[in-house]
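These are my notebook entries on a single chain fold. I set down what I looked up, one topic at a time.

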Amino acid sequence: MVTPGPLARHPRDLDLLLDALTTPSPAENSPWRVNLPTARRAVGQLRVAVWAEDARCPVDRETADALATVEQALASAGADVRRTVGPVGFADSLRLFEQLLHATATATTDDEAGAAELAAARDLHEDDVSPRATFLRHRTQTHRAWLRADEERLQFRGAWHRFFADAEHDVLITPAAPTAAIPAGTRSLMVDGIERSFFDQTGWANLTSHVGLPSLVMPVARNADGLPIGVQLVGPAYSDRNLLALAEDLASLLGGTAGGI
């Protein structure tokens, strides 16, 4: 579920890479084909929702300003831009993401390590809600617990579908992270002078992969230190090419402020 996908300097390169990812190799002799929609709408015809903030994962002032610049650029181009909250609770979505992610991670352990984790999980106190305890419980969850989590995943997927279909949103834009890029190797995260959990760095990016939605992250500005600030474009299922088209248009609208994709 943590699948960053291909990296590129321009949306056209990502479009080429998307072809490579969705085209089966001749050696596979596979009957399946993925025909993603290619209809491209002008920016002025788009209905854009913006989920700009959430108390569970606050963003710093520079990131908020960068997102506001994106909103202004799209609105100036004629897009219908509306601020909104997401279709699912931020905390609930991340809890489910972590549960499903850790459940799959345990498959790489051998029997001895797995038995040790089961024993450690049994020794946990019920009131222990530390990251280590949560990690152990998720890695040793029962099949019944995973089935219930998978059912919750389907309910979340339905909520996202209604968000795009019933509320008539073509795309959702969120922060990519609470701050600009952080130095490699750091294990701390400061948001406007307040220390936050390091794992908040991926909070916004972890909202959609476990429900099967396409998302794209692109730089749109730089902070005072010259580090890139990104936004995340999220679309309904199978709208990958539409997101690439919007990224290309948005980079053009922002001019030199966007930097490389």
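**Entry 1: Helices α3 and α5**

I began with a pair of helices and noted that α3 passes α5 in a right-handed crossing. I keep in mind throughout that this is a predicted model. Helix α3 covers residues 90-105 and helix α5 covers residues 131-139. Their axes lie 7 Å apart, and the packing angle is about 60°. I therefore recorded α3 and α5 as oblique to each other.

Next I looked up the residues that meet. On the α3 side I found R95, E98, Q99, H102, A103 and A105, and on the α5 side F135, H138 and R139. By character, the residues of this contact are three nonpolar, three polar and three charged.

Which residues of α5 are buried? I listed A133, L136, H138 and R139. These buried residues of α5 pack against α3 and also against α4 (111-122).

**Entry 2: Helices α2 and α7**

I then turned to α2 (61-76) and to helix α7, which spans residues 240-254. The two pack at an angle of about 95°, with 10 Å between their axes. An angle from 65 to 115 degrees counts as roughly perpendicular, and α2 and α7 are therefore described in that way.

From α2, the residues T69, V70, A73 and L74 take part in the contact, and from α7 they meet L246, L250, L253 and L254. I noted seven nonpolar residues and one polar residue in this contact, with no charged residue.

**Entry 3: Aromatic pairs**

I searched the whole structure for aromatic pairs, and the search gave seven. How are the rings of W51 and W204 arranged? Their centres are 5.5 Å apart and their planes stand at 80°, so I entered the pair as edge-to-face. This pair links distant parts of the chain, since W51 and W204 are 153 residues apart. W51 sits in the loop between β1 (47-50) and α2, and W204 sits in the loop between β5 (194-196) and β6 (215-222).

I checked whether these two residues are buried or exposed. W51 has a relative accessible area of 1% and is buried, and W204 is buried at 0%. I also recorded that W51, F90 and W204 form one aromatic cluster.

Another aromatic pair is W160 with F164, and this one is stacked. The ring centres are 6.2 Å apart, with 25° between the planes. Both residues belong to helix α6 (residues 143-165); because they are four residues apart there, about one helical turn separates them. W160 is buried at 1% relative accessibility, and F164 is buried at 7%.

**Entry 4: The loop after α6**

F164 came up again when I looked at H169, a residue of the loop between α6 and β3. Leaving aside neighbours within four places in sequence, H169 is in contact with R47, A49, R82, F163 and F164. Its relative accessibility of 8% is under the 20% limit, so H169 counts as buried.

E168 is found in that loop between α6 and β3 (171-175) as well. At 44% relative accessibility, E168 counts as partly exposed. The backbone of E168 has a positive phi of about 60°, although E168 is not a glycine.

**Entry 5: A positive phi at N29**

Most residues other than glycine have a negative phi. I noted a positive value at N29, which is not a glycine and has a phi of about 50°. Where is N29 found? I located N29 in the loop between α1 (11-22) and β1. With a relative accessibility of 71%, N29 counts as exposed.

**Entry 6: G230 in strand β7**

Lastly, I looked up G230, which lies in strand β7 (residues 228-234). G230 has a relative accessible area of 16% and is buried. Which residues does G230 touch, not counting residues up to four places away in sequence? I wrote down P175, A176, M218, P219 and V220. For V220 I also noted the spacing from G230: the two are 10 residues apart in sequence, and their C-alpha atoms are 5.5 Å apart in space.

Definitions and conventions: Residues numbered from 1 in each chain as written. Predicted model: local features only at pLDDT ≥ 70, side-chain atom pairs only at ≥ 80, totals over all residues. Heavy atoms only, no water. Phe/Tyr/Trp six-rings, centres within 6.5 Å; stacked < 30°, edge-to-face > 60°. Buried < 20%, exposed > 50% of the residue type's maximum accessible area, 1.4 Å probe, protein only. Axes fitted to C-alpha atoms, helices over the stretch in contact; angles between N-to-C directions. Parallel < 35°, antiparallel > 145°, perpendicular 65-115°, else oblique. Contact = heavy atoms within 4.5 Å. Nonpolar A, V, L, I, M, F, W, Y, C, P; charged D, E, K, R; others polar. Left-handed = near helix turned anticlockwise from the far one by under 90°.
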